[in-house]
Amino acid sequence: MRTSQKIVNEMQLTFKSRSANEGFARTAVAAFVAGLDPTVDELADIKTAVSEAVTNCIVHGYRDTIANIYITARIYDDNRIVVKIRDRGCGIDDIEKAMEPMYTTCPGGERAGLGFAVMQSMCEKVRVTSKPGKGTIVTLTTRIASRDE
């Protein structure tokens, strides 16, 4: 089966790294993909993955600083959704280690270190690119099943 590359729709969103905006981000992305008629579970998975990625930007990327978080979402003609969540924060020194379940950079064990594991369980593919001092991009890819299948 050939994977299509034609973009059907696209959105961009920029907002401040305040924890109150995490819900805004997940709702905005959910509203954007709603036209594909996702199931409740599909929509919940997308919302949860976006929420985890945005929370990582707020808690780890910017730490105690308020700065911009950028989201780009694309819908392709095969019902694939690609969501990129980007920050220009501190970056990740060791992506492989950061993606290990239970690993966290938060002192005192305040965080469970499950964000990437949760994203991976909710999406078909999770890609993380990062440069220390420059920021991180988390790319979430999933597909909404066609109701004709």
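The following questions and answers walk through a predicted model of one protein chain.

User: In what order do the helices and strands of the protein chain run from the N terminus on?
Analyst: The secondary structure of this predicted chain comes to four helices and five strands. Read from the N terminus on, with α for a helix and β for a strand, the order of the elements is β-α-α-β-β-α-α-β-β.

User: What share of the residues in the protein chain is buried?
Analyst: A residue counts as buried when its relative accessible area is under 20%. The protein chain has 149 residues, and the buried ones make up 42%.

User: Which strand pairs with strand 3 over eight bridges?
Analyst: Strand 3 covers residues 80–87, and six of its eight residues are buried, so that the strand is mostly covered. Strand 2, residues 68–76, pairs with strand 3 in the antiparallel sense over seven bridges, and in this pairing threonine 72 stands opposite lysine 84. Elsewhere in strand 3, arginine 86 stands opposite isoleucine 137. The antiparallel partner joined to strand 3 by eight bridges is strand 5.

User: Which residue in the turn between strand 2 and strand 3 has a positive phi?
Analyst: Strand 2 and strand 3 form a hairpin, and three residues lie between the two strands. Within that turn, a positive phi of about 70° belongs to asparagine 79.

User: Over the face of which residue does arginine 86 lie?
Analyst: Two arginines in this model lie over tyrosine rings, and one of them is arginine 80, which is placed over the face of tyrosine 76 at 4.2 Å from the ring centre. For arginine 86 the distance to the ring centre is 4.3 Å, and the ring belongs to tyrosine 70.

User: Is the pair formed by phenylalanine 15 and phenylalanine 24 stacked or edge-to-face?
Analyst: The count of aromatic pairs comes to one. In this pair, the ring centres of phenylalanine 15 and phenylalanine 24 are 6.1 Å apart and the ring planes stand at 85°. Planes over 60 degrees apart count as edge-to-face, and therefore the pair of phenylalanine 15 and phenylalanine 24 is edge-to-face.

User: Is phenylalanine 24 buried or partly exposed?
Analyst: Its ring partner, phenylalanine 15, has a relative accessibility of 6% and so counts as buried. The limit for buried is under 20%, while exposed begins over 50%. Phenylalanine 24 has a relative accessibility of 42%, and therefore it counts as partly exposed.

User: How far is the C-alpha atom of alanine 25 from that of isoleucine 85?
Analyst: Alanine 25 lies in helix 1, which spans residues 21–33, and alanine 25 is buried, with a relative accessible area of 0%. Alanine 25 and isoleucine 85 are 60 residues apart along the chain, yet the separation of their C-alpha atoms is 9.9 Å.

User: Which element supplies the largest share of the lining of the largest cavity?
Analyst: The structure holds one cavity of 30 Å³ or more, and the largest cavity has a volume of about 50 Å³. Its lining includes Ile46, Ala49, Val50 and Ile81, and at least two lining residues come from each of helix 2, strand 3 and strand 5. The largest share, three residues, comes from helix 2.

User: How many residues of the lining of the largest cavity are nonpolar?
Analyst: Among the residues of this lining are Val83, Cys123, Leu140 and Thr142. Cys counts as nonpolar in this grouping. The lining contains no charged residue and one polar residue, while the number of nonpolar residues is seven.

Notes. Residues are numbered from 1 along each chain as its sequence is written. This is a predicted model: local features need pLDDT of at least 70, side-chain atom pairs count only at pLDDT 80 or more; totals for chains, interfaces and linings use all residues. Side-chain values use heavy atoms; hydrogens and water are left out. On a 1 Å grid over the protein atoms alone, a cavity is a set of points where a 1.4 Å probe fits but cannot get out, and a pocket is an open set with protein on both sides within 12 Å along at least five of seven lines; lining residues have an atom within 4 Å of a point. Grid points are joined across faces, edges and corners, and a volume is the space filled by probe spheres set on the points. Rings of Phe, Tyr and Trp (its six-membered ring) pair if their centres lie within 6.5 Å; planes under 30 degrees apart count as stacked, over 60 as edge-to-face and the rest as tilted. Buried means under 20% relative accessible area, exposed over 50%, partly exposed in between (1.4 Å probe, protein chains only). A charge sits over a ring if NZ of Lys or CZ of Arg is within 6 Å of the ring centre and within 35 degrees of the ring normal. Two strands pair if DSSP finds at least two bridges between them.
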